[in-house]
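User: Hi, I have a protein model open and I'd like to understand it step by step. Could we go through it together?
Analyst: Gladly; here it is, and you can start wherever you like.

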Amino acid sequence: MKKAVLLSVFILTGVFSLFGCKAKDRPGEVPTDRKRTVTFISGADEADVWILPDTAENRSTTVWGKAMISKLSSGGSERVSIGEPGENGGYIIRVIDGDGMYYSAGFVLLSEGDSIKMTVGNSPLSVIFDVTSSDGNSAGSFTGFAAKL
């Protein structure tokens with residue numbers, strides 16, 4: 001009887017693993033079925049960039065995982081896949097440049113195919129993230145926070 005029960009449990013475990021029971025996604029990785037692609041255009045030199053769902057957890061942590069874009073030169077652009085937005089429908093953009101400047105903006109609204117252009121103001125402690133939709137129209141301008149690390 002024990003062998004029959006163990007065999008049944010083994011078979012059911014295999015069936016569940018084949019039909020929809022998958023391992024939890026690893027932190028920092030975006031599941032392929034939830035990806036959307038945006039282009040980031042840097043306004044800072046050697047920029048490391050993170051685009052994260054705007055959630056309470058992401059707003060309160062200083063550990064963001066590996067940069068989505070690494071060492072992007074000023075004026076350079078790179079396409080990146082991001083996950084679904086946070087509970088408020090937005091994203092957080094965080095950038096650290098080669099000079100140790102930190103830039104951040106929250107509740108940035110992004111859609112598939114958007115471009116994000118980062119512009120550092122005349123004062124090094126100001127930044128704006130301008131979003132352009134895939135059809136070339138402005139999708140919003142988001143003022144960010146800047147500080148020297």
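User: Let me start with one side chain: is R59 buried, exposed or partly exposed?
Analyst: This is a predicted model, so every value I give you is computed from it. R59 has a relative accessible area of 45%, and because partly exposed covers the range between 20% and 50%, R59 counts as partly exposed.

User: Which residue does R59 meet in a salt bridge?
Analyst: The side chain of R59 meets that of D54, with 2.5 Å from N to O. D54 is buried, with a relative accessible area of 3%, whereas R59 is partly exposed.

User: How many salt bridges are there in the whole structure?
Analyst: A search of the whole structure finds 2. Besides the pair of R59 and D54, there is a salt bridge between the side chains of D48 and K71, at 3.8 Å from N to O. D48 belongs to strand β2 and K71 to strand β3, so this pair ties together parts that are 23 residues apart in sequence.

User: And are those two, D48 and K71, buried or exposed?
Analyst: D48 is buried, at 16% relative accessible area, while K71 counts as exposed, at 54%.

User: Let's stay with β2: which strands does it pair with?
Analyst: Strand β2 is joined to β3 by 2 bridges, and these two strands run antiparallel; one of the bridge partnerships is between A47 and L72 in β3. Strand β2 is also joined to strand β5, residues 91-96, by 6 bridges, again in an antiparallel arrangement, and here I51 has I93 of β5 as its bridge partner.

User: How many residues of β2 are buried?
Analyst: The strand is mostly covered, with 6 of its 7 residues buried.

User: You mentioned I51. What does it touch?
Analyst: Leaving aside residues up to four places away in sequence, I51 touches V38, M68, V80, I82, Y91, I92, I93, L110 and I116. I51 is also one of the residues that touch the most other members of the largest nonpolar core, together with F40, V95, Y103, L110, I116 and F129. That core has 25 residues, and its largest share, 4 residues, comes from strand β6, residues 101-108.

User: Why would nonpolar side chains sit together like that?
Analyst: As a general tendency, nonpolar side chains in soluble globular proteins are buried together. In this model there is also another core, lying apart from the largest one, with 5 residues that include W50, L52, W64 and A67.

User: Two tryptophans there! How are the rings of W50 and W64 placed?
Analyst: Their centres lie 4.8 Å apart and their planes stand at 65°, so the pair is edge-to-face. W50 is in strand β2 and W64 is in the loop between α2 and β3, so that the pair links distant parts of the chain, 14 residues apart. W50 is buried at 8% relative accessible area, and W64 is buried at 18%.

User: Which ring does W64 stack with?
Analyst: W64 is stacked with Y102, because the ring centres are 5.9 Å apart and the planes are at 20°. Y102 lies in strand β6, so this pair ties together parts that are 38 residues apart in sequence. Y102 also counts as buried, at 15% relative accessibility.

User: What do these rings form as a group?
Analyst: W50, W64 and Y102 form one aromatic cluster with F145, and the count of aromatic pairs comes to 3.

User: Changing topic, where is K35?
Analyst: K35 is in the loop between α1 and β1, and at 41% relative accessibility it counts as partly exposed. K35 and V80 are 45 residues apart in sequence, while their C-alpha atoms are 9.5 Å apart in space.

User: Last one, stepping back: how many helices and strands does the protein have?
Analyst: There are 2 helices and 9 strands, and along the sequence they follow the pattern α-β-β-α-β-β-β-β-β-β-β. Of the protein's 149 residues, 34% count as buried. Among contacts between residues at least 6 apart in sequence, 58% join residues at least 24 apart. The protein exposes about 9,300 Å², of which carbon and sulfur atoms supply 57%.

Note on methods
Residues are numbered from 1 along each chain as its sequence is written. This is a predicted model: local features need pLDDT of at least 70, side-chain atom pairs count only at pLDDT 80 or more; totals for chains, interfaces and linings use all residues. Side-chain values use heavy atoms; hydrogens and water are left out. Buried means under 20% relative accessible area, exposed over 50%, partly exposed in between (1.4 Å probe, protein chains only). A nonpolar core is a set of buried Ala, Val, Leu, Ile, Met, Phe, Trp, Tyr and Cys residues joined through side-chain atoms within 4.5 Å. Contact means heavy atoms within 4.5 Å. Rings of Phe, Tyr and Trp (its six-membered ring) pair if their centres lie within 6.5 Å; planes under 30 degrees apart count as stacked, over 60 as edge-to-face and the rest as tilted. Two strands pair if DSSP finds at least two bridges between them. Accessible areas come from the Shrake-Rupley method with a 1.4 Å probe; for residues, only the protein chains shown count as cover. A salt bridge is a side-chain nitrogen of Lys or Arg within 4 Å of a carboxyl oxygen of Asp or Glu.
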